[in-house]
2 protein chains.
Amino acid sequence: MKIIVFGGDGFCGWAAALRLAKHGHEVLIVDNLSRRAIDLELSTNSLTPIATIEERVRIANEKIGKISFNFLDIAKEYDKLRDVIQSFLPDAVVHFAEQRSAPYSMISEDQRRYTIDNNTSATHNIMSAIAEVDTSIHMVHLGTMGVYGYDDRFGEIPEGYLDITINSTKKSASIIYPPAPGSIYHLTKVMDHFMLQYYNSNWGISVTDLHQGVVWGTQTEETRLDELLINRFDYDGDYGTVVNRFLMQATIGHPLTVHGSGGQTRAMIHIGDMAECIRLAVESKPNNHKVRVFNQIAETVHLNSLARKISSLTGVEITYMENPRNEENENNLMVSNEGLKSIGFKPTLLSDELMNEVQEITEVYRHRVIKEKIIATTKWK
Amino acid sequence: MKIIVFGGDGFCGWAAALRLAKHGHEVLIVDNLSRRAIDLELSTNSLTPIATIEERVRIANEKIGKISFNFLDIAKEYDKLRDVIQSFLPDAVVHFAEQRSAPYSMISEDQRRYTIDNNTSATHNIMSAIAEVDTSIHMVHLGTMGVYGYDDRFGEIPEGYLDITINSTKKSASIIYPPAPGSIYHLTKVMDHFMLQYYNSNWGISVTDLHQGVVWGTQTEETRLDELLINRFDYDGDYGTVVNRFLMQATIGHPLTVHGSGGQTRAMIHIGDMAECIRLAVESKPNNHKVRVFNQIAETVHLNSLARKISSLTGVEITYMENPRNEENENNLMVSNEGLKSIGFKPTLLSDELMNEVQEITEVYRHRVIKEKIIATTKWK
């Protein structure tokens, strides 16, 4: 198949692009390298020394498969975006081209506005161009578990839709799961979802929306093939996700920073599983009668249990900090992931072995840590 | 009170601004005059000869009350927007500054993108600036009945929220009414609503979202006070709403153009009632525990009955045209409007007398009609 990966230079996008190329697909990465620009803005870095996109693509073509790159801001350069889709004529597009950090989206009015404007325009521009060029192109969008809110207030979280009965009329209905976004970033994914729903219903475009959990890990089978293919590793207070941050902290002997009581539960997925789920979603185009929603997660993890586990493995202590987020101290979370399993997904669970693999990365690159960037300082209010 | 009316030069915005000024409020109109620019783009016009905004404001200050004007594109000039809010320090803002025609939003990719980008950024910029400047400012947003979809699939349409039972757990919940937008324009109002919900829940900003029906009529008590205060009257295929279009057609002997079977039912409100509802909403700030939603409608009207009534009054025949919209041929609609009634709204129903008043306008300005613009040509797909 021919596949455009929007945002294919980022943490998830790069791993997914390589996995798709490895399986014989022709991949075009479209990216404006905004994730690298945000490193500059925040004076932070990837723990791993990532190569330039040109080097990455050159090595990927030698060692993996057919990948090309186009520098483009899809939120702002609509005509070029449409031309790229028109000339490449993909079977599917995978859309990672959004600002993806909840804390970053809450820093100040500048980051709020950038996140809303960039994410909304990027998603809409892709759908508008597909409606214009070829409505048979399959849109695979990266959503987030955060659209559901962080609890199982309605029971186990189903995949996108909820079966209800209207109290006044006793009529039954299947509705889009009532959104409860917890940050500006999560809000953009709610808004995205309604755009995808409308383009599906009015123009009959096939859409898969993947509501993804927190991603951990660094390397996949493909990124491991050459040092110049190495994936990025975020550990800073805004972009670092919890497992990777704890493991990096353990490596340098920094206390594990738990926000609030640690009573939060989160849905998790390993970076290799993420790439595999993207491949499975792309290779199984849904019909266009309804937006297909999958919960892209392997398991749910209680943060205190995770911190204690890493603490006991490494001997590093735990420190409890004021929670900068506006969220409940404790939450339960039960999530269905039957959809991806039904098309072949075999979840990888958090294990000592895999965590060791991450720690090998943090061990090798520990000298690159900017210690001042570890603590989350962005307040939600 | 001090009130900013964003989009205060438009059809509803102007009438609302005058009503507020008449009741002693100090009004600042902020507008980029985009509605006038779209007339140029579409080579159409207001049937009534509207004065320039400077003339309007000058006469309004002589005859009605305190109104000023600031030319500003709030979707693009954020820093100026924040400065205006900071220096005027309103008690409330009323937000009409959105592209408001469903057909226009479906013309082509240009209008789709303009509607999404303009409406989303405008609404978000206002909320972001309120969060920054003063979270006690009350946001009054013009939504649309179209967020609910055009039927009563769940029974009578309540005001924003729906009481349900989750089938799997039998838990009860009150949820945001599941959206079912029928155009890109309606989609933006769905996206707006979720932004308003988030700013309410995270920053505690008081919000009223008015889900408005189709507006008809031209003049209000205030716009009638001077010819230079006259309100705009849209009759073209994209911006003209059904009652006004029928009445203008009747005046010039053009057949009444019914789209599809005419089996559609729509919620309606007179322009004077609209202005009154805005005043009532502004003067009754809700608490900040929840977004307050009112259905801003007077009655529901069946389009065939409406066409037959105007036909029998005027002798002009009815012509049935292919429906350019992607919608059901027939729909029922029952809508609650108890919220606005509970704070003093007394609905004005469609009556021969009021329709005569509109026909006086069409009679006086019939020479200004551009006949080629009457027929709706924008297809939904």
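Here is a short student and tutor chat about a predicted model with chains A and B.

Student: Before we dig in, what kind of model is this, and how are its residues numbered?
Tutor: It's a predicted model, where local features need pLDDT of at least 70, side-chain atom pairs count only at pLDDT 80 or more, and totals for chains, interfaces and linings use all residues. Chains are lettered from A and ligands numbered from 1 in the order in which they are written, while residues are numbered from 1 along each chain as its sequence is written.

Student: How many helices and strands are there in chain A?
Tutor: Helices (H or I, at least four residues) and strands (E, at least two) are DSSP runs numbered from the N terminus. On that basis, chain A has 12 helices and 14 strands.

Student: Why is chain A called as compact as a globular protein of that length?
Tutor: The radius of gyration is taken over C-alpha atoms, and the globule rule is 2.2 Å times the number of residues to the power 0.38. For 381 residues the rule gives 21 Å, and chain A is close to that, so it counts as that compact, with a radius of gyration of 20 Å.

Student: What share of the residues of chain A count as buried?
Tutor: Buried means 20 or more other C-beta atoms within 10 Å of the residue's own, exposed means 12 or fewer, and partly exposed is in between, with C-beta atoms placed from the backbone. Of the 381 residues of chain A, the buried share is 54%.

Student: What turn lays chain B on chain A?
Tutor: The copies are superposed by least squares on the C-alpha atoms of residues with pLDDT of at least 70 in both. The RMSD is 0.0 Å and the shift along the axis is 0.0 Å, with a turn of 180°. That is the relation of a two-fold axis.

Student: Which element gives the largest share of the side of chain B that touches chain A?
Tutor: Contact here means C-beta atoms, placed from the backbone, within 7 Å. By that test, 40 residues of chain B are in contact with 40 residues of chain A. Elements giving two or more residues to the side of chain B include strand S6 (161-166) and helix H7 (184-203). The largest share, 11 residues, comes from H6(B).

Student: In S6(B), which residue is the bridge partner of Ile166(A)?
Tutor: Two strands pair if DSSP finds at least two bridges between them. Strand S6 of chain A and S6(B) pair in the antiparallel sense over three bridges. The partner of Ile166(A) is Ile164(B).

Student: Is Ile126(A) buried or exposed?
Tutor: Ile126(A) lies in helix H6 (residues 109-133) of chain A. Leaving out residues up to four places away in sequence, Ile126(A) touches Phe6(A), Ile74(A), Val93(A), His95(A) and Met139(A). With 28 other C-beta atoms within 10 Å, Ile126(A) is buried.

Student: In S5(B), which residue is the bridge partner of Val93(B)?
Tutor: Both faces of strand S4 (residues 92-95) of chain B are covered, with Val93(B) and His95(B) buried on one side and Ala92(B) and Val94(B) buried on the other. S4(B) runs parallel to strand S1 (residues 2-6) of chain B, joined by four bridges. Four bridges also join S4(B) to strand S5 (residues 138-144) of chain B, again parallel. The partner of Val93(B) is Met139(B).

Student: Which residues have the most contacts inside the largest nonpolar core?
Tutor: A nonpolar core is a set of buried Ala, Val, Leu, Ile, Met, Phe, Trp, Tyr and Cys residues joined through C-beta atoms within 7 Å. The largest one has 224 residues. Those with the most contacts inside it are Val94(A) and Val94(B).

Note on methods
Two residues are in contact if their C-beta atoms, placed from the backbone, lie within 7 Å.
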